[in-house]
Amino acid sequence: MTKQDFDRRDFLKGAVIGGAAAAGGTAAMAPIPTAQAQQPETAPTPAAPETAGYEFLNLDEAAFIEALVDHMVPADEVSPKGTDLGVNIYIDRALAGAWGKGERLYMQGPWKQGAPSQGYQLPLTPAQLYRAGIAATNAHCRKTYGKPFDRIEDAQREEVLIGLSTAKIKFENGLPVRVFWATVYQTVIEGMYSDPIYGGNRNKAGWAIISFPGIIAVHRDHVEKYRGKPFPNKPIGIADMS
Amino acid sequence: MTTKLKEVDVVIVGLGWTGGILAKELAEFGLKVVALERGAPRTSENDYSLPNIRDELRYVVRHDLMQNTARDTITVRNNPTGSTADASPRLVPAG
């Protein structure tokens, strides 16, 4: 997205029509210049899947997540890139849904900092954790590179992610970096390999990476049929059997 | 208000794996058995059938069949003697 001349995010923030989406209120937006107004028609837009659009992530967060998943899952001979796999959509739906709200998470306290073996101990729901973590990471990026995560170069993004994964980066708002990174990493993996009904693993391209056959429970009939032959890579998902 | 039930031979608290086997064996032996289960009523046909039961995210990662710890958490004694700086996968809020 950073390679495009047209920045969708800036357009949405500046547009009069999109003002409510950006500000969530009745803030008056300056009308956009004519030249910029004509760009949406010529901007290259790949065919958007039916699940496009965000329920939870705001514009800055969406830009961050898209850059994150495209960097962690680049397009190569192994897989399509993260946004083509729908990992960003998976993360958005997960944060908007019950897991993001912490509906099955014990949140009564008391709150103490635990040892890593004692699991998650923060008084934040996953959605709150993500919001705080994205903001803190972008603050670090602005301080270090002068721009938020989605606008820095690939090599700089690599530095940031390595810094998060080793906890060499410390968040200024005090959020534990390891907890944020572990959660991000876990949700990216979920976005690649969970059933496509959750928004990720689009067209089962994630399962194709590891030749996972999907939700078939029993391979009893396959033993004779495919003896000595490669097992066909045609994964079956929940939607296929519904 | 307490509800007083008719007296029976055996009361089993929890009709899970262990309670279910106990209830069956004792009832077949001829005893009057009542089992108390706080979880939702589930059947093989409805709740454990394809395709949804093979949803790894829902059941293995999110533990959807297990006790909802938001309502009533599990309490264990856990006093680690040493701490490690290494990140643990269990740092993730599993929900």
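## Exercises on a predicted two-chain model

A nonpolar surface patch of about 430 Å² is formed by B:L5, B:V11, B:V13 and B:L36. The model is predicted.

**Exercise 1.** Place B:L5 in chain B, then decide: is B:L5 buried or exposed?

*Solution.*
- Step 1: B:L5 sits in the segment before β1 (10-13) of chain B.
- Step 2: Its relative accessible area is 60%.
- Step 3: The cut-off for exposed is over 50%, so B:L5 is exposed.
- Step 4: B:L5 is one of the residues that make the nonpolar patch.

**Exercise 2.** Compare the span of helix α7 of chain A with the expected one, then find what its buried residues pack against.

*Solution.*
- Step 1: Helix α7 covers residues 126-145, 20 residues.
- Step 2: At 1.5 Å a residue, 28 Å is expected.
- Step 3: From first C-alpha to last, the helix reaches 27 Å, close to that value.
- Step 4: The buried residues of α7(A) include A:L129, A:Y130, A:I134 and A:C141.
- Step 5: The buried residues pack against α4 (59-72), α6 (87-96), α8 (154-165) and α9 (177-193) of chain A.
- Step 6: Just after the helix, A:G146 has a positive phi of about 85 degrees.

**Exercise 3.** Locate A:N201, classify its exposure and list its surroundings.

*Solution.*
- Step 1: A:N201 lies in the loop between α9 and α10 (205-209) of chain A.
- Step 2: Its relative accessible area is 0%. Buried requires under 20%, so A:N201 is buried.
- Step 3: Leaving out residues up to four places away in sequence, A:N201 touches A:L85, A:G191, A:M192, A:Y193, A:S194, A:P196, A:G206 and A:W207.
- Step 4: A polar atom of the A:N201 side chain lies 3.5 Å from the backbone nitrogen of A:A205.

Notes:
Residues are numbered from 1 along each chain as its sequence is written. Chains are lettered from A and ligands numbered from 1 in the order in which they are written. This is a predicted model: local features need pLDDT of at least 70, side-chain atom pairs count only at pLDDT 80 or more; totals for chains, interfaces and linings use all residues. Side-chain values use heavy atoms; hydrogens and water are left out. Helices (H or I, at least four residues) and strands (E, at least two) are DSSP runs, numbered from the N terminus. The expected span of a helix is 1.5 Å times one less than its number of residues. Buried means under 20% relative accessible area, exposed over 50%, partly exposed in between (1.4 Å probe, protein chains only). Contact means heavy atoms within 4.5 Å. Patches are made of residues with over 30% relative accessible area and no salt bridge: like charges are joined within 9 Å, nonpolar side chains (Val, Leu, Ile, Met, Phe, Trp, Tyr) within 5 Å. Accessible areas come from the Shrake-Rupley method with a 1.4 Å probe; for residues, only the protein chains shown count as cover. A salt bridge is a side-chain nitrogen of Lys or Arg within 4 Å of a carboxyl oxygen of Asp or Glu. A polar contact is a pair of N or O atoms within 3.5 Å; within protein, one must be able to donate a hydrogen and the other to accept it, and residues adjacent in sequence count only if both atoms are side-chain atoms.
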